[in-house]
Structure formats: structure tokens, C-alpha cells
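Reader: Please take a close look at the empty space in this model, and set out with care what surrounds it.

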Amino acid sequence: MKYILQDLKVRINDKVYIKDPESSSLGKRIIEHSILLIQESGFESFTFKKLGVKIGSNESSIYRYFENKHKLLLYLTSWYWGWIEYQLVFATNSIADPKEKLKKTIEIITQSTKEDSSFSHINEVLLNKIVINEYSKSYLTKEVDIENKEGYFSIYKRLVIRIKDMIIEVDNKYQYPSSLASTIIEGALHQHFLKDHFQSLTDCNNKVTPTQYFTDLVFNLIKN
């Protein structure tokens, strides 16, 4: 899979950016260092001015790629979900057993992220931490309905639908496949967050992984 993904381009809704950051070395540096800076200082403290200093470029040059930092966050989180989707598709494509396919999917969605050398300018481990800590800020806005209609969350929604279809394939009588699919994705982020910051609120720890928890949860809810 590593070699197949070397030519991978995650396709982001072009309304999220003004100029495709993948089209130039400056754009790629904007993505690379925005991940480093957001992880270091948090999204609230992150500014294009600070990013400009980090990459040795004028703040105005960043605005030629992104209208604001909200759009940049949408780009980063969309890229992350697209990358997860590609992993899921390649890892499950040859699995015939619906139950085993769903198990593998749960593993990919819930496991700790490992860096992928296919993308030299994107640190997937740090991006995963950003998604865990900051993803909700991309949609908990007053503009969410407008942005949803514009397709800003299409990759994330497509991922939920993929998992929903796999749940139905295992048990077509289960009444809540969409809710369960979205719970796996959002719940995985939440359990990783709790494990890192509120250990008394989760059973996930160094011995019990979110993957184990969600595998147990899903297969106790659906017939198999």
C-alpha cells in the first residue's frame, strides 16, 4: 500500500482554498508549518502572522492560499479524513468477509496514527493530534449549514457512509447504522482525547485501546 499511496493526491473541495497549496513549494510549506504551529500553540493562538514568521514569508502570501485560518483548518481536517479514507479502501478492498472488513475498518479509524512517508510535507502524527483536539472547531460555527451545502465536509460524510454500508452488510436489520458509524469516528477522537487529558473518564489507557473498546461496542450491538 505504501507504494500505491506515493502518487496519492487527496482531493479537497476547491472552495476551501483560494490557491491549491499542493501546487507550489510555498503552499506545501504553509501546510507543513501550519500543522507544526497549531500543534505547538493551539488553534486559538494560531495566526497567519505567526505562520508567516515561521516560514519566512509575508503574511499576505498566505492569504493568497487561504481566506482565513478557519478555511485552513477545514483544509487540514479534510485532508486527514481523505487520507484515512484511502487507507481504509486499500486495507479492506481484498477482504471478502463483511465482519472482518468492518473489524479492519474500526481498527483504521480508531488506532493511533503512524507517520506516512508518502507525504514529506505532512506529519500525519501531529495532524492526528490536531484533529483530536481541534476538529470540532471546524464545524461548530454559525456558518456550518452553509459550508455543508457547499460540500466542505463531503469527505468526512463519505467516510461515515462507507462505514454505515459496512455495518449494514454485517447486519441489515440493525436500525441505527448511520448513528453508529458517526459514533465510531467521533467517539474515537473523544476517547483519544480523554485518554490523554481525563484518564478517570475513560477505560482506554496504555493497555486498553480505543480500537478494542469500539470493536467490542460495535459487535455487541449488531448481530454477527
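Author: Helices are taken here as DSSP runs of at least four residues, of type H or I, numbered from the N terminus. The model is a predicted one, and the numbers below are computed from it.

The second largest pocket is a suitable place to begin, and it encloses about 160 Å³ of space. Its lining consists of Val131, Ile132, Asn133, Tyr135, Ser136, Tyr139, Glu186, Leu189, His190 and Phe193. Helices H6 and H9 each supply at least two residues of that lining, and the largest share, four residues, is provided by H9. Sorted by class, the pocket lining comprises six nonpolar residues, three polar ones and one charged.

Besides this pocket there is enclosed space to consider, for a search of the whole structure finds two cavities of 30 Å³ or more. The largest cavity has a volume of about 60 Å³, and it is lined by Tyr80, Trp81, Ile109, Thr110, Gln111, Thr113, Asn128, Ile132, Ile185, Ala188, Leu189 and His192. Two or more residues of this lining come from each of H4, H5, H6 and H9, with H9 giving the most, four residues. Seven of the lining residues are nonpolar and five are polar, while none is charged. Ile132 and Leu189 belong both to the lining of the second largest pocket and to that of the largest cavity.

The second largest cavity holds about 40 Å³ of space, and the residues around it are Leu74, Thr77, Ser78, Trp81, Tyr135, Ser138, Tyr152, Phe153, Ile155 and Tyr156. Here H4 and H8 are the elements that contribute two or more residues, and H4 gives the most, with four. This lining divides into seven nonpolar and three polar residues, again with no charged residue. Trp81 appears in the linings of both cavities, and Tyr135 lines the second largest cavity as well as the second largest pocket.

Trp81 also leads from these spaces to the packing of the protein, since it is one of the residues with the most contacts inside the largest nonpolar core, a set of 61 residues in which Phe66, Tyr75, Leu102, Ile167 and Ile222 share that standing. Two or more core residues are given by each of H1, H2, H4, H5 (98–110), H6, H8 (154–170), H9 (177–197) and H10 (210–221), and H4 gives the most, with 11. If neighbours within four places in sequence are left aside, Ile167 is in contact with Leu102, Tyr174, Pro177, Leu180, Ala181, Ile184 and Ile222.

H4 also holds Trp83, which counts as buried because its relative accessible area is 3%, under the 20% limit. The C-alpha atom of Trp83 is separated by 6.6 Å from that of Val10, although their positions lie 73 residues apart along the chain.

Of the other contributors to the core, H1 can be followed further, for its buried residues, among them Ile30, Ile31 and Leu37, pack against H2 (48–55), H3 (59–63), H4 (69–92) and H6 (124–134). Lys28 is also in H1, but it is partly exposed, with a relative accessible area of 32%. Its contacts, again leaving aside neighbours within four places in sequence, are with Pro21, Glu22 and His121.

Definitions and conventions: Residues are numbered from 1 along each chain as its sequence is written. This is a predicted model: local features need pLDDT of at least 70, side-chain atom pairs count only at pLDDT 80 or more; totals for chains, interfaces and linings use all residues. Side-chain values use heavy atoms; hydrogens and water are left out. Buried means under 20% relative accessible area, exposed over 50%, partly exposed in between (1.4 Å probe, protein chains only). Contact means heavy atoms within 4.5 Å. A nonpolar core is a set of buried Ala, Val, Leu, Ile, Met, Phe, Trp, Tyr and Cys residues joined through side-chain atoms within 4.5 Å. On a 1 Å grid over the protein atoms alone, a cavity is a set of points where a 1.4 Å probe fits but cannot get out, and a pocket is an open set with protein on both sides within 12 Å along at least five of seven lines; lining residues have an atom within 4 Å of a point. Grid points are joined across faces, edges and corners, and a volume is the space filled by probe spheres set on the points. Ala, Val, Leu, Ile, Met, Phe, Trp, Tyr, Cys and Pro count as nonpolar, Asp, Glu, Lys and Arg as charged, and the others, Gly among them, as polar.
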